[in-house]
Amino acid sequence: MGSEESSSPAPVEMRCPMALEDVDLFGPGAPEQWYAAYDILHAEAPVHRLPGEGLTPESDAFVLTRHEDIARVVKDEVRYPPIASSLLQQVMRSDRDPFERSDINVMFASMTTLRPNPALWRSHRKELTDPWVGPGAGRNREMIERVAAERAEAWLERGSVEFIGEYAQPVPHTVMANILGWPLADLKLLKTFGDGTVVPFVYGAGHRCVLDAEGIAAQQVVLQAFRDYTADLIRAKRAAPADDMISFLTTVTYSPLERRLTDDEINGIVYAMVIGGLETTQYALAEQMQLLIEHPDVWRTLKRDRSKVRAFCEEGMRLRAPTQGLSTRLTSRDEVFQGVEVPAGSILHMRWAAANIDPKEWEDAQSLNLERKAATRHLTFSAGPRVCPGAHLSRLEQNVVWQTLLDRVDEFHYATDNDFLHQPGIMLSTRRLNLEFSR
């Protein structure tokens, strides 16, 4: 939920785990000790059972922390089907119009027509999103460079900045607004709606990020406002198309269905772009800034050799994954991971962040190494057929941001009033980051 502390409960500091029985990845204050917990899990329980936390009370969930296990799972969606796929089939078997249901969001409803199976999932990506946020994201480079420069110029004369609220957050928000064709005058509204989409991942309980009834009701109010606003925007784009993604979606013919998209289907795609295109890049930039301050030799290396910026971004995402883990897959049959028997029908919680520092996968796993070979094999964006569709865009934004700041700033330092505490939930988000710098 970004850096607006006034709307968030006070952070909780958790005691550093010293043994396996101390490990709690999902309790209050857990983000402060995640990386200490990963060391323990790697050593003692690389497959960590969560009793009774499966889809039914009599089934379990299992936390996977080894790179080889998670890579195996995400690359095989038949053997390890996404939980969303089974829910999608239930919705499609119902006689109710998915777009009229209040218990699912418009993105999920749009999946019933646009990408209900692996073949259509690939078509959806290739035809509808790749031209804007996938391999075609390079079309946005000039715009991203402009946004990154303008946002930096707003605070460069001061010698100090709250980096998250004044830069790491507004840069990806402005970029996504420009891509979608969202009016920049309503950028704060985009943030409000973006916050609404990720509420479960911040305030939801347990590994499945479940909101209570009050939280669900509050989120539905925001999501309905988001849907209504987007519906008006889609109608405006149909009447007067421009060079933006929403306009494109109003005119494109989706080849598998041999027709154009409905307003509701476009609304669902916009939802997907917002939930994936704002938070991840913000969190990555905030964590990378901390890595650079704590490794001044790396900052100096990047100043001398800009060709290393790409390697730094990959190492930053590996060392500090924005989304630490998700419970998105099921076992379709009995399995064995690291000698642990996992019954059919179990939920698999894939802990990307732990896999990214797995000592069996990476030499000197927790060091920042700009010379690391095949650094992009980290799992921050997942892997396989369901790799994050916006990975190309996020990588481009990160690279442009650091090139922009390296051009303009001599050195960053922490200000004296940081607590370095994180928001709750499943994503690694420092609440604020006050910095001082010299131009």
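The following paragraphs describe a three-stranded sheet, two helix crossings and one aromatic pair in a predicted model.

The sheet is a suitable starting point. Strands of a sheet pair through backbone hydrogen bonds, in either a parallel or an antiparallel sense. Here, an open sheet of 3 strands follows the order 3-11-10, and its pairing is antiparallel. Strand 3 (160–162) and strand 10 (411–414) are the edge strands, each pairing on one side only. Direction ignored, neighbouring strands of this sheet are turned by 30° against each other on average. Between strand 10 and strand 11 (residues 434–438), the antiparallel pairing extends over 4 bridges. Within this pairing, His413 has Glu436 of strand 11 as its bridge partner. Helix 14 packs on the sheet, where it touches strand 10 and strand 11. The direction of helix 14 makes about 100° with that of strand 10.

Helix 14 also leads to another element. The axes of helix 14 (residues 279–294) and helix 18 (residues 391–408) come within 10 Å and cross at roughly 40°. Angles from 35 to 65 degrees fall outside the roughly parallel and roughly perpendicular ranges, and helix 14 and helix 18 are therefore oblique to each other. Their crossing is right-handed. On the side of helix 14, the contact is made by Thr281, Ala284, Leu285, Gln288, Met289 and Leu292; helix 18 contributes Ser394, Glu397, Gln398, Val401, Trp402 and Leu405. Sorted by class, this contact of helix 14 with helix 18 comprises 7 nonpolar, 4 polar and 1 charged residues.

A second crossing involves helix 9 (residues 187–197) and helix 11 (residues 213–239), whose axes come within 9 Å and cross at roughly 130°. Helix 9 and helix 11 are therefore likewise oblique to each other, but the crossing of helix 9 and helix 11 is left-handed. Leu189, Thr192, Phe193, Gly196 and Thr197 of helix 9 form the contact with Gln219, Val222, Leu223, Ala225, Phe226 and Tyr229 of helix 11. By class, the contact of helix 9 with helix 11 has 7 nonpolar and 4 polar residues, with no charged residues.

Aromatic rings complete the description. A pair of such rings is described by the distance of the centres and the angle of the planes. A search of the whole structure finds 17 aromatic pairs. One of them, formed by Trp155 and Tyr167, is edge-to-face, with 5.5 Å centre to centre and 85° between the planes. Trp155 lies in the loop between helix 6 (141–153) and strand 3, while Tyr167 belongs to helix 7 (residues 163–168), 12 residues apart.

Technical notes
Residues are numbered from 1 along each chain as its sequence is written. This is a predicted model: local features need pLDDT of at least 70, side-chain atom pairs count only at pLDDT 80 or more; totals for chains, interfaces and linings use all residues. Side-chain values use heavy atoms; hydrogens and water are left out. Axes are lines fitted to C-alpha atoms, for helices over the stretch in contact, and angles run from 0 to 180 degrees between N-to-C directions. Angles under 35 degrees count as roughly parallel, over 145 as roughly antiparallel, 65 to 115 as roughly perpendicular and the rest as oblique. A crossing is left-handed if the near helix is turned anticlockwise from the far one by less than a right angle, and right-handed if clockwise. Contact means heavy atoms within 4.5 Å. Ala, Val, Leu, Ile, Met, Phe, Trp, Tyr, Cys and Pro count as nonpolar, Asp, Glu, Lys and Arg as charged, and the others, Gly among them, as polar. Two strands pair if DSSP finds at least two bridges between them. Rings of Phe, Tyr and Trp (its six-membered ring) pair if their centres lie within 6.5 Å; planes under 30 degrees apart count as stacked, over 60 as edge-to-face and the rest as tilted.
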